[in-house]
Amino acid sequence: MKRKKLTRRELLAASAGMTAGLAIGFAVPHVVIAENDRWGDLVGRLVYDGTPPERKKLKVDKDVDCCGKFDIRDESLMVGPDQGLANVYVYVRTRKVPIAPELAESAPKQVVLDNRDCIFKPHCMAIWYPRQEYAIINSDPIAQNVAFSPLGDTPANIILAPVKEGQDDPNTRAVWRFNRAQIVPVPIACNYHPWESAFVLPRDNPYVAISGLDGTFRMARLPVGKLEFQVWQERVGYLDLPQWPKGRFELAIQPGVNDLGTIRVPAARFERK
Amino acid sequence: MRWVAAIRMAWGDPAACSARRTGCWPLHRPAYWAGLVAIAFVLFSGCVAYQPPQFELNLEGRPKGSVSREQADAVAQMLQRLFGTPDEPRVPEGSGLDLELLAMAAGPPTGDPQGSVRGLFRRHCATCHGISGDGAGPTALVLDPYPRDFRRGIFKYTSTKAGIKPLKSDLRRTLIRGVPGTAMPSFAQLAPRELDALVEYVKYLSIRGETELYLFEQVVDEEIRLPLDKQMVLDEGVLPVARAWEAPEEHPQLRIVPGARPPIDTPAQLAASIAKGRALYASKEAQCVKCHGPNGDGKGEEQELYDDWNKPKRGVTPEQTAELARRFKLPLQRLRPRDFRQGTFRGGIGPEGRDLYNRIYAGIKGTPMPGVGPNPGAEAVISPEDIWHIVDYVLSLSRRNP
């Protein structure tokens, strides 16, 4: 077969294509690097400085046949085996903060509040309300109630039907949407079981970290530059420390990992008057 | 002469004073005159000047000294700019409030021979609900339940779904019916336009109250930079609340439409409905017994109940509760689940028990009573037909027929 000679137009198109390909090949890593320059992570570890008090056993006097078998204890101050201070909210206080685009894709569509073993699980939650829904579910064989009243937003007082074995009942679930950011976490109660308690913080950005039982927290992909942060714990409210007046601190976020190191919180901060 | 000496003495001639030592009126001293003027001022000033009442700032729940003078002034001034004063209300742009109706309800109670009415709120409502609508008027302390505090924007007896603001017609119905079993009387004798004016004024105080909560959140808790930007307050504070009030008026799907009522025309049908209702009442799904008790006497296992207005007054420890008590005008008040046997239903019964249906369906807003109607994103916990059976059972407890 005779090979066809390339026309001038075809040559032009081919060279344009190659140039474009090369350009993209060169540019993409640069764009990625430039993107990485724009965002940084914040990490730290909160440590309870003192002997953790014994978690008080809560009075379980409703639905005792179901709930009586669980060891239900106060969760208002959670200290891990290595003195890690858990359930502390660290979040960005600066208004209208730029949001890393990939967080929109990686954030789960739902945040789940489960009624399981007669308590709310997890105890502390955060929700990026314009993007995330709040899935409220019941996993117990008794009816549960979930009630909260966020400031300036629709109040909720939801009944969840008891779970019956082998049945998928849509009444054991509800999906809630928040319409407004809150500046402190909203308490959640169950009107049937007064010992149950949890907190949810709806924000208009994904920059909320909640410390784990090892005391560590991580907030990924913060915009580089000066930001103000708020620290909150349910027993004390704003976690006021000498270096964090009113539980607030400012930090110039650098690309890469910004480590706050270990922050010791004196036990005296949590003493109940 | 004697009288010359008397005048001299009154005037307080220094020489006479020092000579007599007693009975000396030092009228020659400016301080003495200043004192007399001050006493006269105190005695007579209240008789002449009208002191227009002011809206009180909502500092409830905040520890003493936690709000600075500058912050309090910023909130008060912005509120006055947007909503005016109790004598001269103003209507913020986009709030949907009717200034003409508000003018009938605002101000001191007056009228004229032409029949125009003013000051309806102060004439009929402020004694209990307070000038600011804080539910802490002069009589509030001795009332149980306390008068409604309009500033949270929550109203108990509505025909709207859970979490939705009341319709204006709901507030109007409460005015006409009163709240049986409480100090709230019926205002059925008022002219229709006067009822409209009061409903509008309650809505006004409520939007104002929620805007105030927003302002305190921003100014005190969030410590945003002052002075406040009026447009921001309108966009973030006033308009979302105003839209929430308009939503059920505009969107019928936010109102409760009762399902078809099962027939109860014959005694046998009614008895069957009551029997079904009794079973549902005690069921794990509806959970009525938890608070209202197995006999419907309001003595269920759950007795430590508080409404949304009283919940913030409760601390974890008794000491905390005592400390919190100082931050509120009215002491902590417990909520008592209704004793159905008395047959007094605060939110009314409605035609065929329709109002009871609404409360079982959507719960009672601001209270622990949840609704059994559909949860967002789910179906109804109890079917509409079964809600009617519960209505029939509850009414049978008070020997009332629907």
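Biologist: Let's start with chain B. Which domains does the assignment give for chain B?
Modeller: This is a predicted model, to be clear. The domain assignment splits chain B into domain 1 (2-48), domain 2 (69-254) and domain 3 (267-302 + 337-397).

Biologist: How far apart are the C-alpha centres of domain 2 and domain 3 of chain B?
Modeller: Those two centres are 30 Å apart.

Biologist: And how many residues of domain 2 of chain B are in contact with domain 3 of chain B?
Modeller: On the domain 2 side there are 13 residues, and they contact 14 residues of domain 3 of chain B. The domain 2 side is made up of six nonpolar, four polar and three charged residues.

Biologist: OK, switching to the two chains. How many residues of chain A are in contact with chain B?
Modeller: Chain A puts in 27 residues, in contact with 31 residues of chain B. Strand E8 (156-160) and strand E9 (173-176) of chain A are the elements giving two or more residues to the chain A side.

Biologist: What's the chain A side like by class?
Modeller: You'd count 16 nonpolar, seven polar and four charged residues there.

Biologist: Now the inside. How many residues does the largest nonpolar core have?
Modeller: That core has 89 residues, and those with the most contacts inside it are Tyr89(A), Val90(A), Ile127(A), Val146(A), Ile387(B), Ile390(B) and Val391(B). Helix H15 (residues 384-397) of chain B gives the most to this core, eight residues.

Biologist: What is Val90(A) in contact with, leaving aside neighbours within four places in sequence?
Modeller: Val90(A) contacts Ala209(A), Phe217(A), Met219(A), Phe229(A) and Val231(A). Apart from the largest core there's another one, with 43 residues, including Phe155(B), Leu171(B), Ala197(B) and Tyr214(B).

Biologist: Last topic, strand E3 of chain A. Which residues are on its covered face?
Modeller: In strand E3 (residues 110-116) of chain A, Val111(A), Leu113(A) and Asn115(A) form the covered face, while Gln110(A), Val112(A), Asp114(A) and Arg116(A) are on the uncovered one.

Biologist: Does E3(A) run parallel or antiparallel to strand E6 of chain A?
Modeller: E3(A) and strand E6 (residues 133-138) of chain A run parallel, joined by six bridges. Val112(A), for instance, has Ala135(A) in E6(A) as its bridge partner.

Biologist: And what about E3(A) and strand E4 of chain A?
Modeller: E3(A) pairs with E4(A) (residues 119-121) in the antiparallel sense over three bridges, and Arg116(A) stands opposite Ile119(A).

Biologist: Which residue takes a positive phi in the hairpin of E3(A) and E4(A)?
Modeller: That's Asp117(A), with a phi near 55 degrees, in a hairpin that has two residues between the strands.

Note on methods
Residues numbered from 1 in each chain as written. Chains lettered and ligands numbered in written order. Predicted model: local features only at pLDDT ≥ 70, side-chain atom pairs only at ≥ 80, totals over all residues. Contact = placed C-beta atoms within 7 Å. Helix = DSSP H or I, 4+ residues; strand = E, 2+ residues; numbered from the N terminus. Nonpolar A, V, L, I, M, F, W, Y, C, P; charged D, E, K, R; others polar. Domains from an automatic or database assignment. Buried ≥ 20, exposed ≤ 12 C-beta atoms within 10 Å, placed from the backbone. Pairing = 2+ DSSP bridges. Core = buried A, V, L, I, M, F, W, Y, C linked by C-beta atoms within 7 Å.
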